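I set out to look up where open space is left in this structure and what surrounds the ligand. The entries follow in the order in which I made them.

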Amino acid sequence: MPCGHLYCNPVPLTGLRAFALVLTLPMDLSYILNHLGEERETYHGAVAPPLVQSSIFAFPTVAAMRDGFRDEYASHLYTRGNNPTVAILRRKIAALEGAEDCLAFASGAAAIAAGVSAFVRHGDHVVCVARPYSWTRSLLRDLLAKFGVTSSFVDGTDVAHFAAALQPSTRMIVLESPNSMTYEQQDLALVAALARARGILTLCDNSHATPLNQSPLAFGIDLVAHSATKYLNGHSDVVAGMLCGSEALLREVFKGPYMTFGAILSPHDAWLMIRGLRTLGVRVERIAATTRKMLAFLEAHPRVRRVHAPHASANPQLDLSAAQLRGSSGLVSIELDVEDVAAVERFCDGLQRFLMTVSWGGYESLAMPVCAVFPADAPMRAGGGLPLGLVRLSIGLEDADVLIADLERAFARI
Ligand SMILES: *Cc1c(COP(=O)(O)O)cnc(C)c1O
């Protein structure tokens, strides 16, 4: 997809770029996950990469040190800037997204905050999709507002809403597709075209789909952010974030919020993430297959009023799901057919295999009841229009039969 955008550099990974457009998995996925970035000949052929637990890197000469300072983005000087273990991870995530480069952060929230704050200044305006991840909303509505950056939140299901929200000072559009809790999608190609025509940068949170199921850069988006805490790591033992894009954009992020806020991923967490990534392909595939069975079960269940998922049969955006997503993730929100919060509590308290907590994307199935966020006597539609009978399920690697039996047991308690 050629483009004349200021920041759009040709992506060298031509094979990856092509896969994104034909909506199939990359031919060399196993190469990326098993080999890319791992220079085994430099560390005795070790199959698992070394964990370079060093804060600093020494230089043989003053001239070499001067070179290191001259381009810290490209040199090993200090682990707040670069670290060899983190570098392996960065190369893999960049390749998965078909990006020139990637920066690794201490959390997804840090990646998003850096990706936005690097490019806005006092007086600028940001358009964001309605109901993004809660800390993305806080970043724009609370934190950046303190520094004179204003924001509008729009229903992203129609590109006309983005066009209507643009102001002369609009500098960025922040997307999350599918978005949190109810999984509305934005047409990435249309929003990217709208933005590029006006020199506006776009950032898309791609945590939900993973790079295997959606490639925002191929649709013309400038920056892709991940909460790598979710599927990319996949084991509920690391909090991490990724920001992918052109080297030109990432250099701006690097010399701005990346180095000044210093919310970097530690080498140890990067090492764990490299291990988690080994199974990304099989996890995503298995979770998609189980989720198909869970969707069929949930859509037919009399205790479920509505099922929210990009591939739910009642989703009005099924065409967009087919055009943008290569497959399903394991996120499904169900609206229970209940009259009060007590019934939601009976259902959730009865779950034994689904663990009840925040987050998602791990090997284990989780349930997150919206009503847990609000006081027990709150009205049934409390938070941002979300019904209190809404329960987000994250489908893990268990057998579908086990999960269905667990849900049946819990439904029976309603
Ligand atoms: C969890 C999440 C984040 C934040 O990521 P952390 O790693 O928890 O900081 C951002 N976006 C989405 C969609 C998320 O679900």
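**Pocket and ligand**

I looked up the largest pocket and noted about 900 Å³ of space in it. The model I am working from is predicted.

I then turned to the lining of the largest pocket, which consists of 35 residues. I recorded Tyr133, Ser134, Ser180, Met181 and Arg392 as those that lie nearest the centre of the pocket. The elements that give two or more residues to this lining are α5 (108–117), α6 (134–143) and β6 (223–227). I noted that α5 provides the largest share, with three residues.

By residue class, I found 16 nonpolar, 13 polar and six charged residues in the lining of the largest pocket.

Where does the largest pocket lie with respect to domain 1 and domain 2? I found that domain 1 (47–277) and domain 2 (280–411) both give residues to its lining, so the largest pocket lies between them.

I next looked up the surroundings of the ligand and found 14 residues around it. Gly108, Ala109, Asp205, Thr229 and Lys230 come nearest.

For polar contacts, I began with the backbone. A backbone N or O atom of Gly108 lies 2.9 Å from an oxygen atom of the ligand, and for a backbone N or O atom of Ala109 I noted 2.8 Å to an oxygen atom of the ligand. From a side chain, I recorded a polar atom of Trp360 at 3.2 Å from an oxygen atom of the ligand.

Last, I looked up how far the ligand is covered: on its own it has 380 Å² of accessible area, and the protein covers 90% of this.

Terms used
Residues are numbered from 1 along each chain as its sequence is written. This is a predicted model: local features need pLDDT of at least 70, side-chain atom pairs count only at pLDDT 80 or more; totals for chains, interfaces and linings use all residues. Side-chain values use heavy atoms; hydrogens and water are left out. On a 1 Å grid over the protein atoms alone, a cavity is a set of points where a 1.4 Å probe fits but cannot get out, and a pocket is an open set with protein on both sides within 12 Å along at least five of seven lines; lining residues have an atom within 4 Å of a point. Grid points are joined across faces, edges and corners, and a volume is the space filled by probe spheres set on the points. Helices (H or I, at least four residues) and strands (E, at least two) are DSSP runs, numbered from the N terminus. Ala, Val, Leu, Ile, Met, Phe, Trp, Tyr, Cys and Pro count as nonpolar, Asp, Glu, Lys and Arg as charged, and the others, Gly among them, as polar. Domain bounds come from an automatic or database domain assignment. A residue is near a molecule or strand if one of its heavy atoms lies within 4 Å of it. A polar contact is a pair of N or O atoms within 3.5 Å; within protein, one must be able to donate a hydrogen and the other to accept it, and residues adjacent in sequence count only if both atoms are side-chain atoms. Accessible areas come from the Shrake-Rupley method with a 1.4 Å probe; for residues, only the protein chains shown count as cover.
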